[in-house]
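Open the model in your viewer and keep the selection box at hand. The stops below tell you what to pick next and what to look for.

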Amino acid sequence: AGALRALRGGGAVIEPVEGERDYRAADLAGTRLFVTGLPATVDDVRLYLAFESFGRLLEAHVAKPGLGYVLFEEIETADAALAAMENAQVSGKAIRVKRARSFYILKEQEARQSLLSAQREREEKTQALIAEQSRRVKMMEERSFHQSSSLSRHIREADIRDMRKRVAREMRIEGLFRDHPGPVVGPRNPQTMRSQRIEQGATGPWHPGYNPSAAAAAAARDMA
(Lines give C-alpha, C1' and ligand atoms only; values in the text may rest on other atoms or scores of the structure.)
Protein backbone atom coordinates (compact mmCIF):
# COMPACT_ATOMS: atom_id res chain seq x y z
CA ALA A 1 0.00 0.00 0.00
CA GLY A 2 1.20 3.50 -0.70
CA ALA A 3 0.20 7.13 -0.99
CA LEU A 4 0.84 9.56 -3.82
CA ARG A 5 2.82 12.47 -2.37
CA ALA A 6 3.77 15.65 -4.12
CA LEU A 7 7.42 16.62 -4.58
CA ARG A 8 8.66 20.13 -3.86
CA GLY A 9 10.21 20.47 -7.25
CA GLY A 10 7.03 19.41 -9.02
CA GLY A 11 5.52 16.05 -9.84
CA ALA A 12 4.60 13.32 -7.39
CA VAL A 13 5.86 10.00 -6.12
CA ILE A 14 4.18 6.97 -4.55
CA GLU A 15 5.64 6.29 -1.11
CA PRO A 16 4.85 3.36 1.19
CA VAL A 17 2.56 4.09 4.13
CA GLU A 18 4.31 2.80 7.23
CA GLY A 19 1.76 2.41 9.99
CA GLU A 20 -0.73 5.07 11.04
CA ARG A 21 0.40 8.63 10.32
CA ASP A 22 -0.58 11.42 12.65
CA TYR A 23 -2.80 13.83 10.71
CA ARG A 24 -4.05 15.79 13.71
CA ALA A 25 -2.47 19.09 12.65
CA ALA A 26 -3.85 18.84 9.12
CA ASP A 27 -7.30 17.78 10.32
CA LEU A 28 -7.49 20.59 12.85
CA ALA A 29 -6.42 23.05 10.14
CA GLY A 30 -9.02 21.60 7.76
CA THR A 31 -6.58 20.87 4.91
CA ARG A 32 -7.30 17.12 4.68
CA LEU A 33 -10.46 15.85 2.99
CA PHE A 34 -12.18 12.48 3.21
CA VAL A 35 -13.60 11.20 -0.08
CA THR A 36 -16.21 8.42 -0.33
CA GLY A 37 -18.13 6.84 -3.19
CA LEU A 38 -15.08 6.46 -5.39
CA PRO A 39 -15.31 3.90 -8.21
CA ALA A 40 -13.31 0.74 -7.58
CA THR A 41 -11.02 1.61 -10.49
CA VAL A 42 -9.77 4.84 -8.85
CA ASP A 43 -6.30 4.51 -7.36
CA ASP A 44 -3.93 7.05 -5.77
CA VAL A 45 -2.94 8.54 -9.14
CA ARG A 46 -6.51 8.98 -10.39
CA LEU A 47 -7.54 10.49 -7.05
CA TYR A 48 -4.62 12.91 -7.25
CA LEU A 49 -5.59 13.93 -10.78
CA ALA A 50 -9.21 14.48 -9.76
CA PHE A 51 -8.23 17.09 -7.13
CA GLU A 52 -4.97 18.64 -8.37
CA SER A 53 -6.69 21.49 -10.26
CA PHE A 54 -7.70 23.21 -6.98
CA GLY A 55 -4.17 23.86 -5.73
CA ARG A 56 -1.06 22.19 -4.42
CA LEU A 57 -1.79 18.67 -3.18
CA LEU A 58 0.59 17.18 -0.65
CA GLU A 59 -0.89 13.72 -0.69
CA ALA A 60 -3.60 11.55 -2.27
CA HIS A 61 -4.29 8.09 -0.91
CA VAL A 62 -6.99 5.47 -1.53
CA ALA A 63 -7.26 3.70 1.81
CA LYS A 64 -9.51 0.97 0.43
CA PRO A 65 -11.82 0.65 -2.59
CA GLY A 66 -14.28 3.54 -2.58
CA LEU A 67 -12.57 5.52 0.23
CA GLY A 68 -9.70 7.98 -0.02
CA TYR A 69 -8.00 11.04 1.43
CA VAL A 70 -6.49 14.14 -0.16
CA LEU A 71 -4.22 16.52 1.72
CA PHE A 72 -3.85 20.13 0.54
CA GLU A 73 -1.13 22.58 1.47
CA GLU A 74 -3.51 25.52 2.02
CA ILE A 75 -6.91 25.74 3.69
CA GLU A 76 -8.24 27.92 0.84
CA THR A 77 -7.62 25.22 -1.76
CA ALA A 78 -9.12 22.58 0.53
CA ASP A 79 -12.23 24.78 0.93
CA ALA A 80 -12.53 25.19 -2.83
CA ALA A 81 -12.20 21.46 -3.41
CA LEU A 82 -14.74 20.69 -0.68
CA ALA A 83 -17.30 23.04 -2.23
CA ALA A 84 -16.75 21.95 -5.84
CA MET A 85 -16.28 18.19 -5.49
CA GLU A 86 -19.23 17.32 -3.26
CA ASN A 87 -21.49 15.12 -5.46
CA ALA A 88 -19.11 15.65 -8.41
CA GLN A 89 -18.67 12.89 -10.99
CA VAL A 90 -15.44 10.90 -10.91
CA SER A 91 -15.19 8.16 -13.54
CA GLY A 92 -18.96 8.31 -13.94
CA LYS A 93 -19.83 8.06 -10.25
CA ALA A 94 -20.92 10.76 -7.78
CA ILE A 95 -18.56 11.15 -4.83
CA ARG A 96 -18.97 12.64 -1.35
CA VAL A 97 -16.39 14.92 0.24
CA LYS A 98 -16.07 16.15 3.81
CA ARG A 99 -13.43 17.24 6.31
CA ALA A 100 -11.26 14.38 7.51
CA ARG A 101 -10.96 13.48 11.16
CA SER A 102 -7.99 11.32 12.11
CA PHE A 103 -8.14 8.37 14.47
CA TYR A 104 -6.40 10.41 17.15
CA ILE A 105 -8.85 13.33 16.96
CA LEU A 106 -11.84 10.99 17.01
CA LYS A 107 -10.47 9.25 20.09
CA GLU A 108 -9.79 12.60 21.77
CA GLN A 109 -13.33 13.76 20.98
CA GLU A 110 -14.79 10.51 22.34
CA ALA A 111 -12.74 10.81 25.52
CA ARG A 112 -13.74 14.47 25.94
CA GLN A 113 -17.43 13.65 25.42
CA SER A 114 -17.21 10.76 27.88
CA LEU A 115 -15.58 13.02 30.47
CA LEU A 116 -18.19 15.77 29.99
CA SER A 117 -21.01 13.24 30.22
CA ALA A 118 -19.61 11.80 33.47
CA GLN A 119 -19.17 15.32 34.87
CA ARG A 120 -22.76 16.30 33.97
CA GLU A 121 -24.06 13.09 35.54
CA ARG A 122 -22.12 13.75 38.73
CA GLU A 123 -23.33 17.37 38.91
CA GLU A 124 -26.95 16.29 38.41
CA LYS A 125 -26.61 13.69 41.14
CA THR A 126 -24.99 16.23 43.44
CA GLN A 127 -27.86 18.68 42.90
CA ALA A 128 -30.39 15.92 43.54
CA LEU A 129 -28.63 14.98 46.79
CA ILE A 130 -28.51 18.64 47.89
CA ALA A 131 -32.22 19.04 47.16
CA GLU A 132 -33.08 15.87 49.10
CA GLN A 133 -30.87 16.90 52.03
CA SER A 134 -32.46 20.38 52.11
CA ARG A 135 -35.96 18.85 52.01
CA ARG A 136 -35.22 16.60 54.97
CA VAL A 137 -33.55 19.37 56.98
CA LYS A 138 -36.55 21.61 56.33
CA MET A 139 -38.94 18.95 57.62
CA MET A 140 -36.74 18.38 60.67
CA GLU A 141 -36.59 22.11 61.42
CA GLU A 142 -40.35 22.48 61.06
CA ARG A 143 -40.89 19.63 63.54
CA SER A 144 -38.47 21.29 65.91
CA PHE A 145 -40.33 24.60 65.55
CA HIS A 146 -43.70 23.03 66.37
CA GLN A 147 -42.23 21.26 69.41
CA SER A 148 -40.69 24.47 70.81
CA SER A 149 -42.59 26.46 73.41
CA SER A 150 -41.66 29.78 71.82
CA LEU A 151 -40.15 31.26 68.69
CA SER A 152 -37.19 32.76 70.52
CA ARG A 153 -36.36 29.42 72.11
CA HIS A 154 -36.53 27.76 68.72
CA ILE A 155 -34.17 30.37 67.26
CA ARG A 156 -31.75 29.92 70.16
CA GLU A 157 -31.78 26.14 70.21
CA ALA A 158 -32.25 25.11 66.58
CA ASP A 159 -28.94 23.71 65.36
CA ILE A 160 -29.11 23.51 61.57
CA ARG A 161 -25.54 22.26 61.36
CA ASP A 162 -26.38 19.29 63.57
CA MET A 163 -29.57 18.67 61.58
CA ARG A 164 -27.59 18.55 58.37
CA LYS A 165 -25.13 16.08 59.91
CA ARG A 166 -27.97 13.85 61.10
CA VAL A 167 -29.66 13.96 57.71
CA ALA A 168 -26.35 13.20 55.97
CA ARG A 169 -25.86 10.16 58.24
CA GLU A 170 -29.37 8.94 57.46
CA MET A 171 -28.83 9.35 53.72
CA ARG A 172 -25.48 7.58 53.90
CA ILE A 173 -27.02 4.65 55.80
CA GLU A 174 -29.71 4.48 53.12
CA GLY A 175 -26.96 4.18 50.49
CA LEU A 176 -27.69 7.46 48.72
CA PHE A 177 -24.01 8.46 48.86
CA ARG A 178 -22.77 5.06 47.62
CA ASP A 179 -21.47 6.48 44.30
CA HIS A 180 -20.87 9.97 45.67
CA PRO A 181 -18.11 9.78 48.33
CA GLY A 182 -17.52 13.52 48.49
CA PRO A 183 -19.35 15.85 50.91
CA VAL A 184 -22.62 17.40 49.78
CA VAL A 185 -22.69 21.12 50.47
CA GLY A 186 -26.06 22.86 50.41
CA PRO A 187 -26.71 26.38 49.13
CA ARG A 188 -27.16 27.85 52.62
CA ASN A 189 -25.13 27.90 55.80
CA PRO A 190 -26.57 27.84 59.37
CA GLN A 191 -25.70 31.47 60.17
CA THR A 192 -27.40 32.71 57.00
CA MET A 193 -30.52 30.68 57.73
CA ARG A 194 -30.65 31.93 61.34
CA SER A 195 -30.38 35.53 60.12
CA GLN A 196 -33.10 34.93 57.56
CA ARG A 197 -35.41 33.47 60.20
CA ILE A 198 -34.91 36.47 62.47
CA GLU A 199 -35.30 39.03 59.68
CA GLN A 200 -38.39 37.29 58.27
CA GLY A 201 -40.04 36.55 61.60
CA ALA A 202 -39.64 32.82 60.99
CA THR A 203 -41.57 33.06 57.72
CA GLY A 204 -40.64 32.29 54.14
CA PRO A 205 -39.58 29.01 52.62
CA TRP A 206 -38.60 27.45 55.95
CA HIS A 207 -41.95 28.12 57.66
CA PRO A 208 -44.66 28.77 55.07
CA GLY A 209 -47.90 30.26 56.28
CA TYR A 210 -46.74 31.98 59.47
CA ASN A 211 -47.80 35.57 60.15
CA PRO A 212 -44.71 37.81 60.26
CA SER A 213 -46.30 40.41 62.54
CA ALA A 214 -47.60 37.84 64.99
CA ALA A 215 -44.31 35.99 65.01
CA ALA A 216 -42.33 39.18 65.59
CA ALA A 217 -44.66 40.23 68.42
CA ALA A 218 -44.34 36.80 70.03
CA ALA A 219 -40.56 36.96 69.80
CA ALA A 220 -40.54 40.44 71.38
CA ARG A 221 -42.68 39.22 74.29
CA ASP A 222 -40.45 36.19 74.84
CA MET A 223 -37.32 38.31 74.86
CA ALA A 224 -38.74 41.03 77.14
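Start on helix H6 and select Arg161, Arg169 and Ile173. These three residues are exposed, on the other side of H6 from its buried residues. The buried residues of H6 are the next pick: Ile160, Met163, Arg164, Val167 and Met171. Why do they share one side of H6? They span an arc of only 100° around the axis, so they end up on the same side of the helix. Keep in mind throughout that this is a predicted model.

Now show the whole of H6, residues 160–173. The helix has 14 residues. From its first C-alpha to its last it reaches 20 Å, close to the 20 Å expected at 1.5 Å a residue. Step just past the end of H6 and select glycine 175, where phi is positive, at about 85°.

**The charged network**

Next, select glutamate 174. It lies in the loop between H6 and helix H7 (190–199). Which residue does glutamate 174 meet in a salt bridge? The partner is arginine 136, with the closest N and O atoms 2.9 Å apart. Arginine 136 belongs to helix H4, so this contact links distant parts of the chain, 38 residues apart.

Check how open each partner is. Is arginine 136 buried or exposed? Its relative accessibility is 16%, and it therefore counts as buried, the cut-off being under 20%. Glutamate 174 is partly exposed, with a relative accessible area of 46%.

Stay on arginine 136 and add glutamate 132. Their side chains form a second contact to view, a salt bridge of 2.6 Å from N to O. Both residues are in helix H4, and because they are 4 residues apart, about one helical turn separates them.

Now add arginine 135. Glutamate 132 forms a salt bridge with this residue too, the closest N and O atoms being 2.8 Å apart. Glutamate 132 and arginine 135 both lie in H4 (residues 103–147), 3 residues apart, about one turn of the helix. Arginine 135 is partly exposed, at 42% relative accessibility.

Show all the partners together. Glu132, Arg135, Arg136 and Glu174 are joined into one network by salt bridges that share partners. The count of salt bridges comes to 9.

**The aromatic rings**

Turn to the rings. How many aromatic pairs does a search of the whole structure find? It finds 2.

Select phenylalanine 34 and tyrosine 69. They form a tilted pair, 5.0 Å centre to centre, with 35° between the planes. The two rings come from distant parts of the chain: phenylalanine 34 is in strand S3 (residues 32–36) and tyrosine 69 is in strand S5 (residues 67–72), 35 residues apart. Phenylalanine 34 is buried, at a relative accessible area of 16%. Tyrosine 69 is partly exposed, at 23%.

Move on to phenylalanine 51 and phenylalanine 54. Their ring centres are 6.5 Å apart and their planes stand at 50°, so this pair is tilted. Phenylalanine 51 has 0% relative accessibility and counts as buried. Phenylalanine 54 is partly exposed, with a relative accessible area of 22%.

**Last stop**

Select arginine 32 and tyrosine 23. What sits over the ring of tyrosine 23? The charged end of arginine 32 does, 4.1 Å from the ring centre.

How values were computed: Residues are numbered from 1 along each chain as its sequence is written. This is a predicted model: local features need pLDDT of at least 70, side-chain atom pairs count only at pLDDT 80 or more; totals for chains, interfaces and linings use all residues. Side-chain values use heavy atoms; hydrogens and water are left out. Rings of Phe, Tyr and Trp (its six-membered ring) pair if their centres lie within 6.5 Å; planes under 30 degrees apart count as stacked, over 60 as edge-to-face and the rest as tilted. Helices (H or I, at least four residues) and strands (E, at least two) are DSSP runs, numbered from the N terminus. Buried means under 20% relative accessible area, exposed over 50%, partly exposed in between (1.4 Å probe, protein chains only). A charge sits over a ring if NZ of Lys or CZ of Arg is within 6 Å of the ring centre and within 35 degrees of the ring normal. The expected span of a helix is 1.5 Å times one less than its number of residues. The arc is that of the directions from the helix axis to the C-beta atoms. A salt bridge is a side-chain nitrogen of Lys or Arg within 4 Å of a carboxyl oxygen of Asp or Glu.
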